[in-house]
Amino acid sequence: MKKYSVLFLCILICILLSGCKKKAPETIVFDESYPLALATDITWALVTDPYASFKAEADWNAETTGHCRKGEILQVLSETQSKEKLQWYKFEKGWLPDTCLTVYSNRFKAQSAANQLKD
């Protein structure tokens, strides 16, 4: 009987000590790809049209300077209102009207909306 008690005690100690392994510290990785994603003075736009053309000026008849697709998130650089009372937003590649996009107060809100477009 004493033999089994000692054996049981040894097994119990081995089990308890096996849980005391030193674990590697957990590292937290921060996404620094968009450091201004939460800045309060910067707005972001989500392209909602399947295909949109950037314009050189805030005018439908202006030269096309580039293209974008539905789901792209762009940082708004400026905005203006045209003679026709249409709101236009300026981006790196040019101007887009508000009819082909939705504007958000931060990049994370725009990303969340973009993820819902894919569903």
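**View 1. Strand 4 (residues 73–75) gives the most to the lining of the largest pocket, contributing 3 residues.** The model shown here and in the other views is predicted. The space in this pocket comes to about 240 Å³. Its lining consists of 13 residues. Those nearest the pocket centre are Trp44, Ile73, Leu74, Gln75 and Glu92. Sorted by class, the lining residues of the largest pocket are 8 nonpolar, 4 charged and 1 polar.

**View 2. Phe8, Leu9, Leu12 and Ile13 make a nonpolar patch on the surface.** The patch covers about 390 Å². One of its members, Leu12, belongs to helix 1, which spans residues 2–18. The relative accessible area of Leu12 is 36%, and the residue is therefore partly exposed, since that class lies between the limits of 20% and 50%. Membership of a patch requires a relative accessible area over 30%, and Leu12 has 36%.

**View 3. Lys93 sits in the loop that links strand 6 (87–91) and strand 7 (94–97).** The relative accessibility of Lys93 is 48%, so the residue counts as partly exposed; exposed residues have over 50%. Lys55 can be shown in this view together with Lys93: the C-alpha atoms of the two residues are 8.0 Å apart in space. In sequence, Lys93 and Lys55 are separated by 38 residues.

**View 4. Lys85 has a positive phi in the loop between strand 5 (78–81) and strand 6.** The phi value of Lys85 is near 65°, and the residue is not a glycine. With 64% relative accessibility, Lys85 counts as exposed, because the class begins over 50%. Strand 6 also borders the loop of View 3, where Lys93 is found.

**View 5. The protein holds 2 helices and 8 strands.** Read from the N terminus, the order of elements is α-β-β-β-β-β-β-β-β-α. Helix 1 (residues 2–18), which includes Leu12, is the helix of View 2. Strand 4 (residues 73–75) is the element named in View 1 for its 3 residues in the pocket lining. The loops of Views 3 and 4 hold Lys93, between strands 6 and 7, and Lys85, between strands 5 and 6. Of the 119 residues in the protein, 28% are buried, a class defined by a relative accessible area under 20%. Neither Lys93, which is partly exposed, nor Lys85, which is exposed, belongs to that class; Leu12 is likewise partly exposed.

Terms used:
Residues are numbered from 1 along each chain as its sequence is written. This is a predicted model: local features need pLDDT of at least 70, side-chain atom pairs count only at pLDDT 80 or more; totals for chains, interfaces and linings use all residues. Side-chain values use heavy atoms; hydrogens and water are left out. On a 1 Å grid over the protein atoms alone, a cavity is a set of points where a 1.4 Å probe fits but cannot get out, and a pocket is an open set with protein on both sides within 12 Å along at least five of seven lines; lining residues have an atom within 4 Å of a point. Grid points are joined across faces, edges and corners, and a volume is the space filled by probe spheres set on the points. Ala, Val, Leu, Ile, Met, Phe, Trp, Tyr, Cys and Pro count as nonpolar, Asp, Glu, Lys and Arg as charged, and the others, Gly among them, as polar. Patches are made of residues with over 30% relative accessible area and no salt bridge: like charges are joined within 9 Å, nonpolar side chains (Val, Leu, Ile, Met, Phe, Trp, Tyr) within 5 Å. Accessible areas come from the Shrake-Rupley method with a 1.4 Å probe; for residues, only the protein chains shown count as cover. A salt bridge is a side-chain nitrogen of Lys or Arg within 4 Å of a carboxyl oxygen of Asp or Glu. Buried means under 20% relative accessible area, exposed over 50%, partly exposed in between (1.4 Å probe, protein chains only).
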